[in-house]
Amino acid sequence: MFTGIVEELGEVVRVTETAGDSALVAIRGPLVTSDARHGDSIAVNGVCLTVVDVADGTFTADVMGETLRRSALGALRPGDPVNLERAAALGSRLGGHLVQGHVDGVGEVVSREPADQWETVRFRLPAALARYVVEKGSITVDGVSLTVAGVGTDWFSVGLIPTTLKLTTLGTRGVGDPVNLEVDVLAKYVERLLGAHLPGEAGRPEGGLPGAVGLPGAVGLPGSGGLPGVAAAGGVA
């Protein structure tokens with residue numbers, strides 16, 4: 001689990017193809033490797049990877065073919081900058097939002113509008129993800145926790161402050177560049193839990209994420225719409 005607060009701008013050292021369309025990626029990141037050990041988790045552009053080895057400020061990680069196909073990591077080349085974040089520790093401050101490091105899809109930079117102190121960037125996103133993105137909600141772009149400023153049928157926009165532009169890859173992403181997207185996990189869980197109660201929702205392949213079907217027989221308290229035995233305590237703000 002991560003927070004979407006990038007700790008370090010790392011650099012891809014090498015990408016070695018392995019069996020089964022997979023790859024072994026080596027990434028330089030002195031800060032995130034300062035206390036890293038074999039088996040630890042580090043988010044690379046928003047993708048949770050498991051550390052295989054650490055040496056001289058560089059760590060290696062295996063990347064499965066599935067991950068390469070479903071994220072923008074397949075386009076990484078030596079010398080590319082990457083956003084790095086170590087897994088969150090219990091008891092630490094949650095500066096961004098709850099981020100799993102499980103990429104839901106690949107988006108694309110559509111436009112950039114510079115201003116005096118910030119920049120508005122618009123991204124195109126897959127149709128299957130649009131339903132999970134709401135204005136003023138949270139979304140993760142290349143591992144960066146951001147607040148949605150505007151949203152349309154196939155796009156959303158965010159405002160980037162100078163710190164984000166300087167210390168993450170989002171400062172140099174150009175129009176047409178791919179980015180990893182992770183929507184708010186709470187929205188996906190709510191959809192799945194309510195799927196059995198909403199006509200036409202359960203098992204809709206054209207709706208949410210693949211496999212996001214309703215829960216058969218998930219009937220709540222009479223008239224409550226909640227889970228069995230879960231009483232509501234107050235309203236929703």
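This passage walks through the fold, the surface and the charged pairs of a predicted model.

The overall make-up is a good place to start. The protein contains three helices and twelve strands. Of its 237 residues, 39% count as buried. The contacts tell something about how the chain is put together: among those between residues at least 6 apart in sequence, 66% join residues at least 24 apart. The accessible surface of the protein amounts to about 12700 Å², and carbon and sulfur atoms account for 56% of that area.

The strands can be followed next, beginning with those at the start of the chain. Six strands close into a barrel in the order E1-E2-E5-E4-E3-E6, with antiparallel pairing. Neighbouring strands of this sheet are turned against each other by 45 degrees on average, direction ignored. Within this barrel, strand E1 (residues 8-18) and strand E2 (residues 22-28) run antiparallel and are joined by seven bridges. A reader tracing this pair in the model can look for Glu17, which stands opposite Ala23 in E2.

Another closed barrel of six strands runs E7-E8-E11-E10-E9-E12, and here too the pairing is antiparallel. Its twist averages 45 degrees from one strand to the next. In this barrel, four bridges connect strand E9 (residues 138-141) with strand E10 (residues 144-151), the two strands running antiparallel. Thr140 offers a handy landmark, with Ser145 in E10 as its bridge partner.

Attention now turns to the charged side chains. Side chains of opposite charge can pair when their charged atoms come close. The count for this model comes to ten salt bridges. One of them joins Glu11 and Arg28, whose closest N and O atoms are 3.8 Å apart. This pair links distant parts of the chain, since Glu11 lies in strand E1 and Arg28 in strand E2, 17 residues apart. Glu11 counts as partly exposed because its relative accessibility is 34%, between the limits of 20% and 50%. Arg28, at 36% relative accessibility, is likewise partly exposed.

A salt bridge of a more local kind is found in helix H1 (residues 65-70), where Arg69 and Glu66 lie three residues apart, about one turn of the helix. The closest N and O atoms of Arg69 and Glu66 are 3.4 Å apart. With a relative accessible area of 57%, Arg69 lies over the 50% cut-off and is therefore exposed. Glu66 has a relative accessibility of 37% and counts as partly exposed.

The strands of the other barrel also carry such a pair. Glu108 forms a salt bridge with Arg124, and their closest N and O atoms are 3.4 Å apart. Distant parts of the chain are linked here, with Glu108 in strand E7 (residues 105-114) and Arg124 in strand E8 (residues 119-124), 16 residues apart. Glu108 is partly exposed at 31% relative accessibility, and Arg124 is partly exposed with a relative accessible area of 38%. Elsewhere, salt bridges that share partners join Glu7, Asp35 and Arg86 into one network.

Nonpolar side chains also appear at the surface. Tyr189, Val190, Leu193 and Leu194 make a nonpolar surface patch of about 350 Å². Of these, Leu193 can be located in helix H3 (residues 185-194). Leu193 has a relative accessible area of 34% and is partly exposed; this value is over the 30% asked of a patch residue, so Leu193 meets that part of the rule.

Terms used. Residues are numbered from 1 along each chain as its sequence is written. This is a predicted model: local features need pLDDT of at least 70, side-chain atom pairs count only at pLDDT 80 or more; totals for chains, interfaces and linings use all residues. Side-chain values use heavy atoms; hydrogens and water are left out. Two strands pair if DSSP finds at least two bridges between them. Axes are lines fitted to C-alpha atoms, for helices over the stretch in contact, and angles run from 0 to 180 degrees between N-to-C directions. Patches are made of residues with over 30% relative accessible area and no salt bridge: like charges are joined within 9 Å, nonpolar side chains (Val, Leu, Ile, Met, Phe, Trp, Tyr) within 5 Å. Accessible areas come from the Shrake-Rupley method with a 1.4 Å probe; for residues, only the protein chains shown count as cover. A salt bridge is a side-chain nitrogen of Lys or Arg within 4 Å of a carboxyl oxygen of Asp or Glu. Buried means under 20% relative accessible area, exposed over 50%, partly exposed in between (1.4 Å probe, protein chains only). Contact means heavy atoms within 4.5 Å.
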